[in-house]
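I open my notebook and look up a few things in this structure. I keep the entries short.

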Amino acid sequence: MSTLLARVGDATPAPGSRATVELWLSTVAAAESLVFAAMVVLDDGHGRYAAVFSPRRDEWGAPGGWREEGESVPGCAVREVLEETGLQVSPADLRPVGFEVFDPPPSRPGAPGGRSCLQVFRARAGEGRVLASSVPDAVDPMWVTGLHFEQLCGRQFWWPLVEAVLART
């Protein structure tokens, strides 16, 4: 089942870009052919969530990023979590919880065009894990409470989707 939570006009998904974004709460994954990126709401099982800072975007968020050529959507999510937090999750650990639909679709050099969806997953990493990033665009990863996560990310266009996901658990 999919539910439209919000339609955000004039969102800024990346510096210098603008789009209208629909935020969908859904346990059904978006069609892989439409997905350009994935994000993972990652928890430790004790009410803490992984947050990473992007210097390029100058904002906090959940681990995630662009799919590489030939990469599956779950493969993208697994890779992004590993790069941005140092934690290994498996595709079996990922549960689709929603997606974002962008109009116009984002683009970046070398990425396939026309893909309009960012897939959002939920996963659990287990308690006591130390976070460490291996990429320059996701620094200072840390475990945060739900309230701290909202304080860091609550002004982002995508927050209503993550807030709805957190409310369901």
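My entries below go from a helix pair to single residues.

**Entry 1: what I am looking at**

I note that this is a predicted model.

**Entry 2: two helices**

I know that two packed helices are described by the angle between their axes and the distance between the axes. I look up both values for H2 and H3. Helix H2 covers residues 146–153, and helix H3 covers residues 159–167. Their axes are 11 Å apart and make an angle of about 170°. An angle over 145 degrees counts as roughly antiparallel. So H2 is roughly antiparallel to H3.

Which residues in H2 meet residues in H3? On the H2 side I list Phe149, Glu150 and Cys153. On the H3 side I list Trp159, Val162, Glu163 and Leu166. I sort the residues of this contact by kind: five are nonpolar, two are charged and none is polar.

**Entry 3: the largest core**

Which residues touch the most other members of the largest nonpolar core? I find Phe149 and Val162, in a core of 31 residues. I then check where the core residues come from. The strands E1 (2–11), E2 (19–26), E3 (35–43), E4 (48–54), E7 (95–103) and E8 (117–124) each supply at least two. The helices H2 and H3 each do so as well. The largest share is six residues, and H3 supplies it.

I also find another core, apart from this one. That other core has 21 residues, including Val73, Val78, Phe99 and Ala123.

**Entry 4: Phe149 up close**

Is Phe149 buried or exposed? Its relative accessible area is 0%, so I write down buried. Next I list what Phe149 touches, leaving out residues up to four places away in sequence. Among them are Tyr49, Ala50, Ala51, Gly61 and Ala62. Val144 and Gly154 are also touched by Phe149. Trp159, Val162 and Leu166 are on the list too.

**Entry 5: aromatic rings**

How many aromatic pairs does the structure hold? I write down eight. I pick the pair of Tyr49 and Phe149. Their ring centres are 5.8 Å apart and their planes are at 10°. Planes under 30 degrees apart count as stacked. Therefore I call this pair stacked.

The pair links distant parts of the chain. Tyr49 is in strand E4 and Phe149 is in helix H2, 100 residues apart. Tyr49 has a relative accessibility of 10%, so it counts as buried.

I also note one aromatic cluster, formed by Phe36, Trp66, Phe102 and Phe157.

**Entry 6: backbone notes**

Which peptide bond is cis, with omega near 5°? I find the bond from Asp103 to Pro104. Pro104 lies in the loop between E7 and E8.

Then I look at phi. Asp10 has a positive phi of about 60°, although it is not a glycine. Asp10 lies in strand E1. Its relative accessibility is 54%, so Asp10 counts as exposed.

Asp140 also goes on the page. Its phi is positive, about 55°, and Asp140 is not a glycine. Asp140 lies in strand E9, residues 139–145. At 53% relative accessibility, Asp140 counts as exposed.

**Entry 7: three more residues**

I look up Arg79 in helix H1, residues 73–85. Is Arg79 buried or exposed? I note buried, because its relative accessible area is 15% and the cut-off for buried is under 20%. Leaving aside neighbours within four places in sequence, Arg79 is in contact with Trp66, Arg67, Glu68 and Glu71.

Where is Asp93 found? I place Asp93 in the loop between H1 and E7. With a relative accessible area of 36%, Asp93 is partly exposed. Setting aside neighbours within four places in sequence, Asp93 is in contact with Arg122 and Ala123. I also check Asp93 against Leu4, 89 residues apart along the chain. Their C-alpha atoms are separated by 25 Å.

Last, I turn to Thr27, in the loop between E2 and E3. Beyond neighbours within four places in sequence, Thr27 is in contact with Met1, Pro96 and Arg168. Thr27 and Glu71 are 44 residues apart in sequence. From C-alpha to C-alpha, Thr27 and Glu71 are 21 Å apart.

Terms used:
Residues numbered from 1 in each chain as written. Predicted model: local features only at pLDDT ≥ 70, side-chain atom pairs only at ≥ 80, totals over all residues. Heavy atoms only, no water. Axes fitted to C-alpha atoms, helices over the stretch in contact; angles between N-to-C directions. Helix = DSSP H or I, 4+ residues; strand = E, 2+ residues; numbered from the N terminus. Parallel < 35°, antiparallel > 145°, perpendicular 65-115°, else oblique. Contact = heavy atoms within 4.5 Å. Nonpolar A, V, L, I, M, F, W, Y, C, P; charged D, E, K, R; others polar. Core = buried A, V, L, I, M, F, W, Y, C linked by side-chain atoms within 4.5 Å. Buried < 20%, exposed > 50% of the residue type's maximum accessible area, 1.4 Å probe, protein only. Phe/Tyr/Trp six-rings, centres within 6.5 Å; stacked < 30°, edge-to-face > 60°.
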